[in-house]
Amino acid sequence: MSEKTAIRLENLSKTFGRGEKAVQAVVNLNLEIQTGQIFGFLGPNGAGKTTTIRLLVDLIRPTKGAAFIYGQDVRRNPGVLRRVGALVEDATFYGYLNGRDNLEVLARTAGNYRPKRIEALLEQVGLAGEANRRVSSYSTGMKQRLGIAGALLGDPELMILDEPTNGLDPGGRQEMRAFIRGLAKQAGVTVFLSSHLLHEVEQVCDRVAIINHGKIVREGVVSDLLAEGQAQLRVQASPQESALQVLQETWEVPIDGEWLIVSAPPEEGHLVVARLVTNDIHVHQVIVRKRTLEEYFIDATQEGVITKSIGGNKEDTHV
Amino acid sequence: MFSLLRAEWIKTAKNHLLTSFLIWILPVGFASLIIIFTIMGYVSETMRQIPSAFSTGLWTSDMLGIWAVVISFPGNLFGRMMPLAFMAVGFAGEYQWGTWKNILPRNRRPLLIASKLVVLITIVMLSLVLTSLIVGVGWSVSHHIHDLPYGPEWSGEVLVEFLKLYAQTMLIGLFSLMILGGFAALSAMVTRSILGGLLLGFFFSVIDAMSLGALLFLRNLLQVPALTNLYQYTPTYNMDNLRHWFIHGSANTIVVPGFTAVLGMGDSFAILIMWVIGLVGLAIIIFQRQDITS
């Protein structure tokens, strides 16, 4: 495994508790993230995102499998984590200390205290003016920004960010997204971004993995994932029952209110219309709608356990 | 290591709520009492005698007496509660505040525990040294103001003897605080909460302080005479024994049924060091293997 691979998960599993009370938080995760990528880790709440991140930064030990960063097993060679900056779950600090002191404590604990770096980071995350205020008086968004500054203290090559836009207002979210993009594009930092905000991942990430019930259900390049299920052909016709009957002879046709969603590729649109017209059905509207990541995500997380890689190097595996 | 110590110092010393109520209350409290009693001495002739009632009349004994709260039974039964609470919050607070997760990588954890222990103990020691200085100087001034006798007279010999005894007392105090720190660290690691850490730490400390009574009770209950001798392995006995050696030049031979041990100074040092290594080592092992989930 070369330095080109920033993160590799090998059959990574974590079970909390024992016996009947055992909870499988993550199950046999396999994942490879290349250096320089912004990788999105999507999943609903409780899917296992934070557990995976805690395993990745060696805060918790796997029940089975291993996590590698730059080719090093994080359990056996924890020193490799010096190359990592992490914001795990919510940013937590000593509330009675001010922002600057908190960063100093973090830097000194990690053995990389540089006062100028702290000042620069406070400036960068927009907290220079608030650095002398107690963190207990910070808003959630300010704490998140301080958390980002804390993660950047050691000039990491890999940033692991767990829901970094939590608590930020829309403007703050936009800034954070631009900041993350800037990290990857300008500073060459690899970013592993966990989020349940699909819009965010769609805008920021190159590749994405979707996790549900502790298992990766999809993984691939964002654009490939979106293209995977063909764009939807949505038809409004009357009488709807007749139209449904006619179209179902050839395609799958779920109903969405007044719309019939025809599982035909857009280039077959004329065939759909022709079939309806020849059956004396009035066609009111036909539109082609591209799937959003949100729809993709809902499909993926509802389908159950299907591990599938697109645009990557893995073969399909259906369970 | 210096960087880690500095980080721990910032975290602890700047927690003003914690240090005010559990650490600085001691010197501030004694200073206030001495000032109040001195002022009250102006009210009447009877009240003028108050400093004599609260002081031993000897600055050497007054200054050394402050350390008794952490080193000797029965004073240590409750006297150790404040430093123990301070250290328990120092360790368990990290769980409650969710700040352990900021520490990467895992192999920093043993150093982190060690530096936290050093800083917490240093702060308590500073507070005790400061308090004994306040008591010595304060009572001296107070007695002088009210024309009360306060000795012994300053001389090179007195000073050397005092400093020797003070250093020995500080050493026992240091052992006491290291063992308390071990109790606090262990309790915090096991319970992962401030309240749990406090309660379990108090429990350990009380068990240690009351161990002789407990062993005597068990000896009588189980009819096993040798049980009392187990007391020689407790921190409380060995701190008392060291003190006895320093002051009297002989072992502390307790007159209780079944206790026959006569431990040398070196034995007590060894036992105390083993307690410290055992407690702190166990806390580090637990922490090192622990999943940080909060």
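pLDDT is the predictor's confidence in each residue, on a scale from 0 to 100. The structure is a predicted model, in which local features need pLDDT of at least 70 and side-chain atom pairs count only at pLDDT 80 or more, while totals for chains, interfaces and linings use all residues. Residues are numbered from 1 along each chain as its sequence is written, chains are lettered from A in the order in which they are written, and side-chain values use heavy atoms, without hydrogens and water.

**Exercise 1. Assess the confidence of the model and of chain B.**

Step 1. The model scores are ipTM 0.88 and pTM 0.83.
Step 2. Chain B has a mean pLDDT of 90, and 98% of its residues reach 70 or more.
Step 3. Helices (H or I, at least four residues) and strands (E, at least two) are DSSP runs numbered from the N terminus. Among the elements of chain B, the lowest mean pLDDT, 72, belongs to helix α7(B) (residues 75-79), and the highest, 95, to helix α14(B) (residues 265-289).

**Exercise 2. Trace the open four-stranded sheet of chain A and the helices that pack on it.**

Step 1. Two strands pair if DSSP finds at least two bridges between them. The order in this open sheet of 4 strands is β12-β13-β11-β14 (chain A), with antiparallel pairing.
Step 2. β12(A) (255-256) and β14(A) (282-289) are the edge strands, each pairing on one side only.
Step 3. Between β12(A) and β13(A) (residues 259-262) the antiparallel pairing covers 2 bridges; Asp256(A) has Trp259(A) as its bridge partner in β13(A).
Step 4. Helix α8(A) (residues 240-248) packs on the sheet and touches β11(A) (232-238), β12(A) and β13(A), where contact means heavy atoms within 4.5 Å. The direction of α8(A) makes about 5° with that of β13(A); such angles run from 0 to 180 degrees between N-to-C directions of axes fitted to C-alpha atoms, for helices over the stretch in contact.
Step 5. Helix α9(A) (residues 269-278) lies across β11(A), β13(A) and β14(A), at about 15° to β11(A).

**Exercise 3. Describe the hairpin of β9(A) and β10(A).**

Step 1. β9(A) (residues 207-212) pairs with β10(A) in the antiparallel sense over 6 bridges, and Arg207(A) stands opposite Val221(A).
Step 2. The hairpin has 2 residues between its strands, and His213(A) in the turn has a positive phi of about 50°.
Step 3. In β10(A) (residues 215-221), 5 of the 7 residues are buried, that is, under 20% relative accessible area with a 1.4 Å probe, protein chains only.

Note on methods:
Buried means under 20% relative accessible area, exposed over 50%, partly exposed in between (1.4 Å probe, protein chains only).
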